[in-house]
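The following exercises invite the reader to study a protein structure step by step. Each task is followed by a worked solution.

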Amino acid sequence: MDSARDKRTCDIIDAEQLWDLEVVDKDAYECPGCGIQVFPASYRKNINKKRPYFTPMDNKHIQPCGVDGEEKLVKKARKEQVGTPEGFPVPFPNRLRFDEERPVTTGGDVPRAGEGAGRTRTRANGERGHSYHGHTVKTIRPVCRVFMDFPNDRAQLPLQIPGCPGSTYTTVFRGLGFFGIERQQSPTRLFCAALRWRSAVETDTYIEWALDAGEWPKGEERPTRFYKVRVMWADWTDRQRNTLREEIEIAKDAVKGKAGQPEKAWLFFVGTQDSEDTALFTVHRYPFICCRVGEMIWPRR
């Protein structure tokens, strides 16, 4: 399982958020679909070589559970739309928030007009067989996972990212490729591109990676210019810096030796294009960058 509900806060969290915790409470999580206890696994950086995940108690869910069988659903979703007007078959993030914003509601939904900030709408443990309508998250990691896993639902799934234009997964994300170094219509967006495996440039102020995207003139044997992402991490904690490095290394190991395969390491970031250097994007906030491995599908519009 890629996500679980925190029993204390009722937040639905992505497994990779376990990297950010000083201490992981193994008894603090439950399945968002059926309410059974789930346990965090593979969350120890520098020890585990796989990404974190949650595993259900006794490896069984209470049926019917929308979260159970998500792996099969993802395979189906890569070929066709799986959402309906009634909702989505599994929990999904529809809004990014920060700690300074109001607390998330118990069911993960944004309050409707007329609901107070402290009022909650709950999905009781064990209440199953319902569709989901979105929940808030604190990092872009779960947002990017849904973007990759459910390509044919991007146009229908709602999404709000602070500072970014757009109201759906399709309109919020902006893919970068070899279309030329161009001035973006909106300088700040949620961008994504494959990583170019050149060594990072690292200082106390920032770390910078080159992207496998940019300018490839017709007739040339190789690209002539690449986009680059500069993460301004002077105010980050050592833990945050190490987590980002480790995330990139895990992705690098996952695609090592797979040249010519569709799986790539994709860097996602809420970045701002530099006003003078159009090839440069800058990222400031820790929740605004992540890396995921897989095949990226771009449905025809």
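The exercises below concern a predicted model.

**Exercise 1.** Determine which residues of helix α1 are buried and how they are arranged about its axis.

Solution. Helix α1 spans residues 70–77, and its buried residues are E70, L73, V74 and A77. Viewed down the axis of α1, these residues lie within an arc of 100 degrees, so they line one face of the helix. This agrees with a general rule: an α-helix has 3.6 residues a turn, so residues three or four places apart point the same way. On the other side of α1, E71, K72 and K75 are exposed. The buried residues of α1 pack against α2.

**Exercise 2.** State how many residues of helix α2 are buried.

Solution. Buried means under 20% relative accessible area. In α2 (residues 141–149), nine of the nine residues are buried, so the helix is largely enclosed by the rest of the structure. Among them are the charged-letter entries R141, R145 and D149, together with V143 and F147.

**Exercise 3.** Identify the strands that pair with β12 and the sense of each pairing.

Solution. Strand β11 (residues 206–215) pairs with β12 (residues 225–232) in the antiparallel sense, over seven bridges. Within this pairing, E208 has R230 of β12 as its bridge partner. Strand β14 (residues 280–283) runs parallel to β12, and four bridges join the two. Here V231 stands opposite V283 of β14.

**Exercise 4.** Is D11 buried or exposed, and which side chain does its own side chain contact?

Solution. D11 is located in the loop between β1 (3–6) and β2 (12–14). Its relative accessible area is 12%, so D11 is buried. The side chain of D11 forms a polar contact of 3.1 Å with that of R97.

Notes: Residues are numbered from 1 along each chain as its sequence is written. This is a predicted model: local features need pLDDT of at least 70, side-chain atom pairs count only at pLDDT 80 or more; totals for chains, interfaces and linings use all residues. Side-chain values use heavy atoms; hydrogens and water are left out. Buried means under 20% relative accessible area, exposed over 50%, partly exposed in between (1.4 Å probe, protein chains only). A polar contact is a pair of N or O atoms within 3.5 Å; within protein, one must be able to donate a hydrogen and the other to accept it, and residues adjacent in sequence count only if both atoms are side-chain atoms. Two strands pair if DSSP finds at least two bridges between them. The arc is that of the directions from the helix axis to the C-beta atoms. Contact means heavy atoms within 4.5 Å.
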